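Dear colleague,

I am passing this structure on to you, since you will be taking it over from here. Please look through it with the notes below at hand, and read them in order if it is new to you.

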Amino acid sequence: MTAVIELAKLTKTYGKSRGIIDVDLQVNQGEVFGFLGPNGAGKTTTIRTMLDLIRPTRGTAMVFGIESSADPVSIHKRIGYVPGEFALYDRLTGGQTLEYFANLRGGVDKAYQASLIERFDLDTKKRFKQYSKGNKQKVGVIIALQHKPELLILDEPTSGLDPLVQQTFFMTLRETVQAGSTVFLSSHILSEVEKSCDRVAIIRDGRIVKLDTVDGLRDLAHHQVELRFAGAVPADAFINLPGVSELVAADHVMRMRVAGPITPVVRAAAQFELLDFVSREPSLEETFLAQYGNAAAAEAGTVSDGR
Ligand SMILES: Nc1ncnc2c1ncn2[C@@H]1O[C@H](COP(=O)(O)OP(=O)(O)OP(=O)(O)O)[C@@H](O)[C@H]1O
Ligand SMILES: [Mg+2]
């Protein structure tokens, strides 16, 4: 297997404050690699260091077998990058912005560019500063994709995109992978990574706390369910159902944590007069707390490589 990205003990400190510490990971050619972590965990720092936009304090980052500080230009030629936060030229229209970046790449396949614009339903005539957050993000995504790069490095690419556009985005991503690209995708949403990635590294407080296949993350995923009934309902109806834990019942309302399929809970709830059913995906931070407790997950020592 060819490693497209190799990070070894990659560390970046900002003065006295932690950025990332001893980040080790390897992304193989053709895989969609998820980089999951809550706000402030170190996702952007890792990506920026990997791309030589900032210099590591110690450790190394190799992309395509090239140390990124040694020859960033040849790396940048071969990648598409969606930065976590970006500002583009306010006065250019979306269309002019895409052209500008296409020219920097020495031109792109016009038909492919047009198909991306159509697919993401981007109005290319507006000036960049007039775009909403989501539309700015669409421009960023098209810039990263339009030259069909070998490697896509995506820093929370779906932020600001509505659910329909997110679907379009992931569909497009699958196509680029089928065409041979490799993807490194950062996110703070477990379900998004679960749906789209092959392997996942979880970063928390600047350290990798888990590295596994997506299947290995199944035990992390769960829902917070709240059922509101017309009358009293016995907790016994739910307490022994598969995947149910942390059941709390009060005033005709039943709250529980459900790991895995939600069907048994839905079936049980349907036996009673149900007024409301709310199922929520907890934030990654809540998921971590449920999994590792309040102690730093960094001490969990669960780094296992699921290949
Ligand atoms: N320029 C900087 N100067 C000082 N500290 C910084 C700087 N950039 C990042 N940090 C710190 O480094 C840590 C990691 O930040 P980073 O932006 O990499 O997190 P992130 O995982 O991308 O978060 P988010 O999900 O909010 O984008 C944070 O504690 C942050 O405060
Ligand atoms: Mg970030």
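The buried residues of helix H3 pack against two other helices, H4 (110-119) and H5 (133-145). Please bear in mind throughout that this is a predicted model. In helix H3, which runs over residues 94-104, the buried residues are Gly 94, Gly 95, Thr 97, Leu 98 and Ala 102. Viewed down the helix axis, these buried residues fall within an arc of 160°, so they line one face of H3. Asn 103 and Leu 104, on the other side of H3, are exposed. After the helix comes Gly 106, which has a positive phi, near 75°.

The contact with helix H5 can be followed from the side of Ile 143, a residue placed in that helix. Ile 143 has a relative accessible area of 13% and therefore counts as buried, the cut-off being under 20%. Leaving out residues up to four places away in sequence, Ile 143 touches Leu 88, Thr 97, Leu 98 and Phe 101; Thr 97 and Leu 98 are among the buried residues of H3. As a sense of scale, the C-alpha atoms of Ile 143 and Thr 213 are separated by 29 Å, with their positions 70 residues apart along the chain.

A further buried position is Thr 168, which lies in helix H6 (residues 163-178). Its relative accessibility is 17%, which is why Thr 168 counts as buried. When its neighbours within four places in sequence are set aside, Thr 168 is in contact with Arg 119 and Phe 120.

The other part to look at is the surroundings of ligand 1. Which residues are closest to this ligand? Of the 13 residues that surround ligand 1, the closest are Gly 40, Gly 42, Lys 43, Thr 44 and Thr 45. By character, the shell divides into three nonpolar, seven polar and three charged residues. Strand E2 (17-28) and helix H1 (43-50) each supply at least two residues of that shell.

Several polar atoms of the protein can be placed against oxygen atoms of the ligand. A polar backbone atom of Gly 40 is 2.7 Å from an oxygen atom of ligand 1, and a backbone N or O atom of Ala 41 lies 3.2 Å from an oxygen atom of ligand 1. From Glu 156 it is a polar side-chain atom that lies 3.0 Å from an oxygen atom of the ligand. Of the 640 Å² of accessible area that ligand 1 has on its own, the protein covers 60%.

Helix H1, which contributes to the shell, is itself mostly covered, with six of its eight residues buried. Those buried residues are Lys 43, Thr 45, Thr 46, Ile 47, Thr 49 and Met 50, and Lys 43 and Thr 45 are also among the residues closest to ligand 1. H1 is followed by Asp 52, whose phi is positive, near 60°.

Finally, some values for the whole chain may help you to place these details. The protein chain has ten helices and 14 strands, and its C-alpha atoms fill a box of roughly 70 × 45 × 35 Å, taken along the principal axes. Of its 307 residues, 47% are buried. The chain exposes about 14,900 Å², of which carbon and sulfur atoms supply 50%. Among contacts with a separation of 6 or more, 68% join residues 24 or more positions apart.

With best regards

How values were computed:
Residues are numbered from 1 along each chain as its sequence is written. Chains are lettered from A and ligands numbered from 1 in the order in which they are written. This is a predicted model: local features need pLDDT of at least 70, side-chain atom pairs count only at pLDDT 80 or more; totals for chains, interfaces and linings use all residues. Side-chain values use heavy atoms; hydrogens and water are left out. A residue is near a molecule or strand if one of its heavy atoms lies within 4 Å of it. A polar contact is a pair of N or O atoms within 3.5 Å; within protein, one must be able to donate a hydrogen and the other to accept it, and residues adjacent in sequence count only if both atoms are side-chain atoms. Accessible areas come from the Shrake-Rupley method with a 1.4 Å probe; for residues, only the protein chains shown count as cover. Helices (H or I, at least four residues) and strands (E, at least two) are DSSP runs, numbered from the N terminus. Ala, Val, Leu, Ile, Met, Phe, Trp, Tyr, Cys and Pro count as nonpolar, Asp, Glu, Lys and Arg as charged, and the others, Gly among them, as polar. Buried means under 20% relative accessible area, exposed over 50%, partly exposed in between (1.4 Å probe, protein chains only). Contact means heavy atoms within 4.5 Å. The arc is that of the directions from the helix axis to the C-beta atoms.
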